Amino acid sequence: MRIETLEIYLAVVEAGSTALAARKCYLSQPAVSMAISSLENELGQRLLFRALGQHKPIVPTEAGILFADYARKALMDYDNIKASMIPKNDMHEPFILGISHTPSNLILPTLVNNFKKIYSNILFSVRTFPGYQMQHKLETSECDIAITSNIPTGNGFIYERFFYDPLVLIAPKSFNIKSPITASQIKSFPLVVREDTCNITKILTESFEREDISMNELNVVFQVYGNDAVMQAVSLGTGIGFVTKSVLSESRDDKNYDIINVKRFRVDRYLYLIRQTGSYSSEMKLFWDFAMKMKWRGNGF
């Protein structure tokens, strides 16, 4: 039984879907299904059950609930072992974590707080930079690890996807838009977008171009800085707009917008952990490995 298998199992339990768990673990769906099947064969117990009917979630059996509790404890013990085994004379200077603005608001606090619960003796500082500047900040040693959706260009970098944060379309409740709509229908509504230098704008532009729709065909009425500014403009009735899914994970009892599904139009966005090749301290490796795991993520993620 491998640590990775426990993580895959918990990802399926928490997501209620092998497809969603595969996306969050950056694996193929067959790989996730094979891992679960192998685990059930090893234990001689059925752990997961899918009720009859379309779109029914996968739920753990009685044995699966018990196993999930043990799996969470085993993963926590594994992290505690790694934390306690760091030699005192092997501690390095605090590393610097650079992060772009969007993930710094929501994802970073959850990640950092859960990391510090286990690795309280590891010191690091956090600095926020625009995503398009992140590669330069790494090259000039202004940060040691970067978190951004911007992939570095050229050689000399190591990067891994660690968080799936797609774009979601929201619209003012006053527009009374009946979901779902098509990508072409978006052209008939006023649209709020992010600044030109933002990677979200680049990703959105590429997604529309795959549908043979240029940004010039869209009715862009407002350009703002940041996801929160998009949400505020939409809530005030200025227009519809795309924001990251992580922003919507916040509890907003007074929200004045609706989430609109767009048929066959998915705007994928990933966050990456990035570092330069070469120097890589044990503290940096622990943070990198922790960020790649599923267990620090909240239910909204």
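These questions and answers walk through parts of a predicted model.

Visitor: Where is the place of arginine 269?
Guide: The model is predicted. Two strands flank this residue, strand 11 (257-260) and strand 12 (270-276). Arginine 269 lies in the loop between strand 11 and strand 12.

Visitor: Is arginine 269 buried or exposed?
Guide: Residues that arginine 269 touches include Phe163, Tyr164, Asp165, Pro166 and Leu167, not counting residues up to four places away in sequence. Its relative accessible area is 2%, and buried means under 20%. Arginine 269 is therefore buried.

Visitor: How many residues of strand 3 (residues 95-99) are buried?
Guide: Phe95, Leu97 and Ile99 point one way, and Ile96 and Gly98 point the other way. In a regular strand the side chains alternate between the two faces of the sheet. Both groups in strand 3 are buried. Strand 3 is largely enclosed by the rest of the structure, because the buried residues number 5 of the 5.

Visitor: Which residue in strand 4 is the bridge partner of glycine 98?
Guide: Strand 3 pairs with strand 4 (residues 124-128) in the parallel sense, over 5 bridges. Strand 3, helix 5 and strand 4 form a β-α-β unit that is right-handed. Within strand 4, the partner of glycine 98 is arginine 127.

Visitor: Which residue in strand 5 stands opposite isoleucine 99?
Guide: Strand 3 also pairs in the parallel sense with strand 5 (residues 145-148), over 3 bridges. Opposite isoleucine 99 in strand 5 is isoleucine 147.

Visitor: Is helix 5 parallel or oblique to helix 10?
Guide: The axes of helix 5 (residues 101-118) and helix 10 (residues 282-292) come within 11 Å and cross at roughly 120 degrees. Angles of 65 to 115 degrees count as roughly perpendicular and those over 145 as roughly antiparallel. The crossing angle therefore makes helix 5 to helix 10 oblique.

Visitor: Which residues in helix 10 meet Leu111, Asn114, Phe115 and Ile118 in helix 5?
Guide: Helix 5 passes helix 10 in a crossing that is right-handed. On the helix 10 side, the residues met are Leu286, Phe287, Phe290 and Ala291.

Visitor: What joins strand 8 to strand 9, and which residue in strand 9 is the bridge partner of arginine 194?
Guide: Strand 8 (residues 190-194) is mostly covered, with 4 of its 5 residues buried. It runs parallel to strand 9 (residues 219-224), joined by 5 bridges. The bridge partner of arginine 194 is valine 224.

Visitor: Which residue in strand 10 does valine 192 stand opposite?
Guide: Strand 8 and strand 10 (residues 240-244) run parallel and are joined by 2 bridges. In strand 10, opposite valine 192, is glycine 241.

Conventions: Residues are numbered from 1 along each chain as its sequence is written. This is a predicted model: local features need pLDDT of at least 70, side-chain atom pairs count only at pLDDT 80 or more; totals for chains, interfaces and linings use all residues. Side-chain values use heavy atoms; hydrogens and water are left out. Buried means under 20% relative accessible area, exposed over 50%, partly exposed in between (1.4 Å probe, protein chains only). Contact means heavy atoms within 4.5 Å. Two strands pair if DSSP finds at least two bridges between them. Axes are lines fitted to C-alpha atoms, for helices over the stretch in contact, and angles run from 0 to 180 degrees between N-to-C directions. Angles under 35 degrees count as roughly parallel, over 145 as roughly antiparallel, 65 to 115 as roughly perpendicular and the rest as oblique. A crossing is left-handed if the near helix is turned anticlockwise from the far one by less than a right angle, and right-handed if clockwise. A crossover is right-handed if, with the strands pointing away from the viewer, the path from the first strand over the helix to the second runs clockwise.
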